[in-house]
Amino acid sequence: KQVRERLHDFDDHVRSAAIHTLCDIVDKPSSSELLSVEVMREIGERIKDKKSGVRKTALKRLCIAYRAYAQRCAEDDPTWEAKRFDWIPCAFLRAITIPDVRLHTVEPVLAEIFPSKMSAELRSTFWLRALTLADDFTIRCLKHLLLAKSRIQADLREYFLFRAKSSKMNKKEAE
């Protein structure tokens, strides 16, 4: 209870330390009795903290906790843990709208949210479970993320076409 209260401390270093401590407990599979859904959501609220260090700590540690949960689910299906963890991907998507977080901070977290050897089918299952909990705002954030990624892909495609054309022109000029 005292560590939970430290999530709201005035000192940002104390808030970060509280996140680390609570997430260390979460990483253990037997932590269901120790940390309730409410405590997990309080850790998630630190994504909106006024200090960027606390926000990044919350994002990183929730990512690690979710990855551990996904790994446990891949090996054994602990459905009793779903309520504690399935909201986390939606919280990451909503973080796109927070100044100083945006896409540049959230995208690497989303890239590491699942264990590297997890199949695409299992990853899809986790995303579907998470997105069933999503509200309209979260869906808009997801659309924004996907739109930004498609713009980057289009820009890169255009760049590579231009580069290929210019290299052909340089070869012709060299002949």
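1. F160 first. At 47% relative accessibility, F160 counts as partly exposed. The cut-off for exposed is over 50% and for buried under 20%, so F160 falls in between. Keep in mind that this is a predicted model. F160 sits in helix α9.

2. F160 has nonpolar company. Together with I152, L156 and Y159, F160 makes a nonpolar patch on the surface. The accessible area of these four residues together is about 400 Å².

3. Helix α9 also carries charge. The helix covers residues 136-174, and K165 is found there. K165 is exposed, with a relative accessible area of 57%. On the surface, K165 gathers with K168, K171 and K172 in a patch of positive charge.

4. What does K149 of helix α9 pair with? The partner is E107, in a salt bridge whose closest N and O atoms are 2.7 Å apart. E107 lies in helix α7, residues 102-111, and K149 in helix α9, so the pair ties together parts that are 42 residues apart in sequence. Both ends have some exposure. E107 is partly exposed at 26% relative accessibility. K149 is partly exposed too, with a relative accessible area of 37%.

5. Some salt bridges share partners. R15, R46 and D49 are joined into one network in this way.

6. Now the full count. The whole structure holds nine salt bridges. One of them joins the side chains of R4 and E42, at 2.5 Å from N to O. R4 is in helix α1 (residues 2-6) and E42 in helix α3 (residues 37-45), so this pair ties together parts that are 38 residues apart in sequence. Is each partner buried or exposed? R4 is partly exposed, with a relative accessible area of 30%. E42 counts as buried, at 17% relative accessibility. The limit for buried is under 20%, which means that E42 qualifies.

7. E45 and K48 make another salt bridge. Their side chains meet at 3.4 Å, N to O. E45 has a relative accessible area of 40% and is partly exposed. K48 counts as exposed, at 55% relative accessibility.

8. Turn to the aromatic residues. How many aromatic pairs does the structure hold? There are eight. Y66 and F126 form one that is edge-to-face. Their ring centres are 6.2 Å apart, and the angle between the planes is 75°. Planes over 60 degrees apart count as edge-to-face, so the 75° angle earns the label.

9. Where do the two rings come from? Y66 lies in helix α4 (residues 52-75) and F126 in helix α8 (residues 120-131). The pair therefore ties together parts that are 60 residues apart in sequence. Y66 is buried, at 0% relative accessibility. F126 is buried as well, with a relative accessible area of 2%.

10. The Y66 and F126 rings belong to a cluster. Ring pairs link these two residues with Y69, F85, F114 and W127.

11. To recap the contacts between helices. The salt bridge of R4 and E42 ties helix α1 to helix α3. The salt bridge of E107 and K149 ties helix α7 to helix α9. The aromatic pair of Y66 and F126 ties helix α4 to helix α8.

Notes: Residues numbered from 1 in each chain as written. Predicted model: local features only at pLDDT ≥ 70, side-chain atom pairs only at ≥ 80, totals over all residues. Heavy atoms only, no water. Patch = residues over 30% accessible without salt bridge, like charges linked within 9 Å, V, L, I, M, F, W, Y side chains within 5 Å. Areas by Shrake-Rupley, 256 points an atom, 1.4 Å probe, with all protein chains shown as cover. Lys, Arg positive; Asp, Glu negative; His and termini not counted. Charge placed at Lys NZ, Arg CZ, Asp CG, Glu CD. Helix = DSSP H or I, 4+ residues; strand = E, 2+ residues; numbered from the N terminus. Buried < 20%, exposed > 50% of the residue type's maximum accessible area, 1.4 Å probe, protein only. Phe/Tyr/Trp six-rings, centres within 6.5 Å; stacked < 30°, edge-to-face > 60°.
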